[in-house]
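Hi,

Here is the structure I said I would pass along. Have a look at it first, and my notes follow underneath.

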Amino acid sequence: VVVLFAVTMLLVHAIVGDGGGGQPGWVVLASFAAQIAVSVLIGVVLGYAMDWTVRMTAALHAKFRLHGGGSMASTGDRRSISERVACPAAVVLSIQVAIVLAESMLMQLTGFGIFESEQWEEKTWGGTFHQPLIISMVAGFTVANYTPSRLEFLRILHDSSEVIYIAFFTLTGASLQLDVLLVQAPTALFLFALRAGGIVLGAKAG
């Protein structure tokens, strides 16, 4: 669904966006294909950049969890850092929390920058050269399927998700208008039933 939505939005922008109207069909299709190709390429590069970042932060986690004693790591000492060096457990915990927050902020700022760059391109050049949803999906697909950082990457996304959900559902609730919802209730109920039926059918089909 998300892939189809992203492709549809990209095709609509190519057809009815600024400068898109009245152009030959092959120009529109070429622009559409170029945006897809650029988005996929950026997504792959971003995915491998995320892999490198995740491996670096995972190494920091391991260092402060097991190998905080420098040469202690080579002796097979498995004690925690607070047991091997003069460092209170609270300090170690603070460092670990700081690493988690830095990971989360980096992921969120990266996503925010991707979407903001699209708006900047539209304001500056009157059109966009990439699709943020496709970039994000390709980047996640690359990390999950072509790098060893899948589990760490999913952990970071899980740690970051609560903040995103709070902001998203708060914005959704603030923009909800009951009078409009009552008018559109039949359509909303139909779409809800259609989606629920599709989920049940898909689950049973396999």
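Before the notes, one cut-off: a residue is called buried when its relative accessible area is under 20%, exposed when it is over 50%, and partly exposed in between. By that yardstick, 22% of the 206 residues of the protein are buried. Keep in mind that this is a predicted model.

On the overall layout, the protein has eight helices and zero strands, so if you read the elements from the N terminus on, you get α-α-α-α-α-α-α-α. Among contacts with a separation of 6 or more, 62% join residues 24 or more positions apart. The protein exposes about 13,700 Å², and 73% of that comes from carbon and sulfur atoms.

Now the inside. The largest nonpolar core has ten residues: Leu 46, Met 50, Val 54, Met 107, Ile 114, Ile 135, Ala 139, Val 143, Phe 153 and Ile 156. At least two of these core residues come from each of helix H2 (25-65), helix H4 (89-125), helix H5 (132-146) and helix H6 (150-174). Met 50 is a handy place to start clicking around: once its neighbours within four places in sequence are set aside, Met 50 is in contact with Met 107, Thr 110, Ala 139, Val 143 and Phe 153.

H4 deserves its own paragraph. Helix H4 has 37 residues and spans 53 Å from its first C-alpha to its last, close to the 54 Å expected at 1.5 Å a residue. Its buried residues are Val 92, Ile 99, Glu 103, Ser 104, Met 107, Ile 114, Glu 118 and Glu 121, and you will notice that three of the names there are Glu. Just after H4, Gly 126 has a positive phi of about 75 degrees.

Leu 106 is also in helix H4. Why is Leu 106 classed as partly exposed? Because its relative accessible area is 41%, which falls between the 20% and 50% limits. The C-alpha atom of Leu 106 is separated by 10.0 Å from that of Ser 160, although the two residues are 54 apart along the chain.

Lastly, the surface. Tyr 48, Phe 141 and Tyr 146 make up a nonpolar patch there, with about 370 Å² of accessible area together. Tyr 48 belongs to helix H2, and Tyr 48 counts as partly exposed because its relative accessibility is 41%.

Shout if anything looks odd on your screen.

Cheers

Conventions:
Residues are numbered from 1 along each chain as its sequence is written. This is a predicted model: local features need pLDDT of at least 70, side-chain atom pairs count only at pLDDT 80 or more; totals for chains, interfaces and linings use all residues. Side-chain values use heavy atoms; hydrogens and water are left out. A nonpolar core is a set of buried Ala, Val, Leu, Ile, Met, Phe, Trp, Tyr and Cys residues joined through side-chain atoms within 4.5 Å. Buried means under 20% relative accessible area, exposed over 50%, partly exposed in between (1.4 Å probe, protein chains only). Helices (H or I, at least four residues) and strands (E, at least two) are DSSP runs, numbered from the N terminus. Contact means heavy atoms within 4.5 Å. Patches are made of residues with over 30% relative accessible area and no salt bridge: like charges are joined within 9 Å, nonpolar side chains (Val, Leu, Ile, Met, Phe, Trp, Tyr) within 5 Å. Accessible areas come from the Shrake-Rupley method with a 1.4 Å probe; for residues, only the protein chains shown count as cover. A salt bridge is a side-chain nitrogen of Lys or Arg within 4 Å of a carboxyl oxygen of Asp or Glu. The expected span of a helix is 1.5 Å times one less than its number of residues.
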